[in-house]
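Colleague: I should like to go through this model with you, beginning with its strands. Please explain each answer as you give it.

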Amino acid sequence: EGTIQEVKREAIKVKVGNTIQEYRYASIFVVYINGNVSRFSNLEKGMDVELELKNGLVYEINAEDNEFQVEGQIDTITQTNNGYELALEVNNQRFIYKISDNINITIEGAINKEITDLKVGQKGKFEIVNNTIVEITIED
């Protein structure tokens, strides 16, 4: 049991404790996400995962969305080739998260704000699903 680090066509990388291990797939395998049969393409970095192995190969993947909320301060806002990333300072630690394309941003009660309305140094609550920020509430 661990956290998905990377999903590749031929193997999945899972972090268990401080160790990252790579597991190759059996020729036929099944994927469950949040208890439902799903597609391999729906697996995401950051999901909690349990793998069932036979002869050292993965024949079943049971993944769950990893959802949590943190309170922190925006450290950096970076535009990447794939959208935006936000570095947050939470309890004197720095974490980098992708920003969802469908993010909900509220700043001091004003809803439907844009990523460009965010500023370094703002403090707020950040809803995170599988290493991606899906909701931001800034109350300065």
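Modeller: Two strands count as paired if DSSP finds at least two bridges between them. Please bear in mind that this is a predicted model.

Colleague: In E6, which residue is the bridge partner of Leu 53?

Modeller: E5 pairs with strand E6 (residues 57-64) in the antiparallel sense, over 7 bridges. The two strands form a hairpin with 2 residues between them, and Asn 55 in the turn has a positive phi of about 55 degrees. Within E6, the bridge partner of Leu 53 is Val 58.

Colleague: Which residue of E5 is the bridge partner of Gly 2?

Modeller: Strand E1 (residues 2-7) runs antiparallel to E5, and 2 bridges join them. At least two bridges are needed for a pair. The partner of Gly 2 in E5 is Val 49.

Colleague: In what order do the 5 strands close into a barrel?

Modeller: Pairing in this barrel is mixed. From one strand to the next, the twist averages 60 degrees. One of the pairs is strand E7 (residues 67-80) with strand E10 (residues 123-129), antiparallel over 7 bridges, where Glu 67 has Val 129 as its bridge partner. The order is E7-E8-E9-E11-E10.

Colleague: Is Lys 45 buried or exposed, and what is its relative accessible area?

Modeller: Lys 45 lies in the loop between strand E4 (36-38) and strand E5 (48-54). Beyond its sequence neighbours up to four places away, Lys 45 touches Ile 4, Gln 5, Asn 130 and Asn 131. Buried would require under 20% and exposed over 50%; Lys 45 is therefore partly exposed, at 47%.

Notes
Residues numbered from 1 in each chain as written. Predicted model: local features only at pLDDT ≥ 70, side-chain atom pairs only at ≥ 80, totals over all residues. Heavy atoms only, no water. Helix = DSSP H or I, 4+ residues; strand = E, 2+ residues; numbered from the N terminus. Buried < 20%, exposed > 50% of the residue type's maximum accessible area, 1.4 Å probe, protein only. Contact = heavy atoms within 4.5 Å. Axes fitted to C-alpha atoms, helices over the stretch in contact; angles between N-to-C directions.
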